[in-house]
Amino acid sequence: MMRWCYSLPMKTNITKTSPTPSVVPTSSAAVSSGFTLGIDLGDRQHHVCVLAAAGNIVREASLPNTRPALAQLLADFPRATVALEAGTHSPWISRYLTEQGATVLVANPRKLHDISRSERKCDRRDAQMLARLARVDAALLHPIQHGSAQAQHDLLG
């Protein structure tokens, strides 16, 4: 399925917000393997952008929303730093990627205006922006920490 990027109307009024401390310490978010992955999560498939240590794009691809596809991605880029936005699938995906040896940063979408208010919105650009922000400074993602699978299950009961 081909997705098209589209432009949103330009917003003219800019408001400054005071900096807030991130929920997750970001000092340990150094790129351990040299690769930084940005994953724009979707219900059926995800878009991935992989950056090398120098910041150049080494792969952009779509992959299905399955554990085997995510495992293969991390087999290709072991011990990578992975950035994704908090959403429906982010709790289980972040836990799974962490179990596979990745350093996972879950971005707070309410604080990530570079993506949510972008004039040119599409999955490819969102994945690229997540990867670039994680590579430069993880604090820019205002990362959050998901609760455990048990805590999530308890909330459903």
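Guide: Before we begin, one convention on angles is needed: those under 35 degrees count as roughly parallel, those over 145 as roughly antiparallel, those from 65 to 115 as roughly perpendicular, and the rest as oblique. Please also keep in mind that the model before you is predicted.

Visitor: How many helices and strands are there in the chain?

Guide: The chain holds 5 helices and 7 strands. Read from the N terminus, its elements follow the order β-β-β-β-α-β-α-β-α-β-α-α. Of the 157 residues in the chain, 36% are buried. As for contacts between residues at least 6 apart in sequence, 59% of them join residues at least 24 apart.

Visitor: I should like to understand the sheet. What is the order of the strands in the open sheet?

Guide: The general idea is that strands of a sheet pair through backbone hydrogen bonds, in either a parallel or an antiparallel sense. Here, 5 strands form an open sheet in the order 4-3-2-5-6, and the pairing is mixed. Strand 4 and strand 6 (103–107) are the edge strands, each pairing on one side only. From one strand to the next, the twist averages 20 degrees.

Visitor: How many bridges join strand 2 to strand 3?

Guide: Strand 2 (residues 36–40) and strand 3 run antiparallel and are joined by 5 bridges. Within this pairing, Thr36 has Leu51 of strand 3 as its bridge partner, and Gly38 stands opposite Cys49 in strand 3. The two strands are connected by a hairpin through 4 residues.

Visitor: Which residues are the bridge partners of Cys49 and Leu51 in strand 4?

Guide: In strand 4, Cys49 is partnered by Glu60, and Leu51 by Ile57. Follow Leu51 across the sheet: its bridge partner is Thr36 in one pairing and Ile57 in the other. Strand 3 and strand 4 (residues 57–64) pair over 7 bridges in the antiparallel sense.

Visitor: Is strand 3 mostly covered or mostly uncovered?

Guide: In general, the side chains of a regular strand alternate between the two faces of the sheet. In the present case, strand 3 (residues 45–51) is mostly covered, with 6 of its 7 residues buried.

Visitor: What lies between strand 3 and strand 4?

Guide: These strands form a hairpin with 5 residues between them, and Gly55 in the turn has a positive phi of about 100 degrees. The loop between strand 3 and strand 4 also contains Ala54. Because its relative accessibility is 69%, Ala54 counts as exposed; the cut-off for that term is over 50%. Ala54 lies 20 residues from Gly34 in sequence, and their C-alpha atoms are 8.4 Å apart in space.

Visitor: Where else is phi positive, including in a residue other than glycine?

Guide: Gly101, which follows helix 2, has a positive phi near 100 degrees. Arg79 is a residue other than glycine with a positive phi, near 55 degrees. Arg79 belongs to the loop between helix 1 and strand 5 and counts as exposed because its relative accessibility is 51%. His142, although not a glycine, has a positive phi of about 50 degrees; its place is the loop between helix 4 (123–136) and helix 5 (149–156).

Visitor: Let us turn to the helices. At what angle do the axes of helix 1 and helix 2 cross?

Guide: Two packed helices are described by the angle between their axes and the distance between those axes. For helix 1 (residues 67–76) and helix 2 (residues 90–99), the axes come within 11 Å and cross at roughly 40 degrees. By the convention stated at the start, helix 1 and helix 2 are therefore oblique to each other. Their crossing is right-handed.

Visitor: Which residues of helix 1 and helix 2 meet?

Guide: An α-helix has 3.6 residues a turn, so residues three or four places apart point the same way. From helix 1, Arg67, Leu70, Ala71 and Leu74 meet Trp92, Ile93, Tyr96 and Leu97 of helix 2. By class, this contact has 7 nonpolar residues, no polar ones and 1 charged residue. The buried residues of helix 2 include Ile93, Tyr96 and Leu97, each of which takes part in that contact. Ser90, Pro91 and Ser94 of helix 2 are buried as well.

Visitor: Which strands does helix 1 lie across?

Guide: Helix 1 lies across strand 2, strand 3, strand 4 and strand 5 (81–85), and it runs at about 165 degrees to strand 4.

Key: Residues are numbered from 1 along each chain as its sequence is written. This is a predicted model: local features need pLDDT of at least 70, side-chain atom pairs count only at pLDDT 80 or more; totals for chains, interfaces and linings use all residues. Side-chain values use heavy atoms; hydrogens and water are left out. Buried means under 20% relative accessible area, exposed over 50%, partly exposed in between (1.4 Å probe, protein chains only). Two strands pair if DSSP finds at least two bridges between them. Axes are lines fitted to C-alpha atoms, for helices over the stretch in contact, and angles run from 0 to 180 degrees between N-to-C directions. A crossing is left-handed if the near helix is turned anticlockwise from the far one by less than a right angle, and right-handed if clockwise. Contact means heavy atoms within 4.5 Å. Ala, Val, Leu, Ile, Met, Phe, Trp, Tyr, Cys and Pro count as nonpolar, Asp, Glu, Lys and Arg as charged, and the others, Gly among them, as polar.
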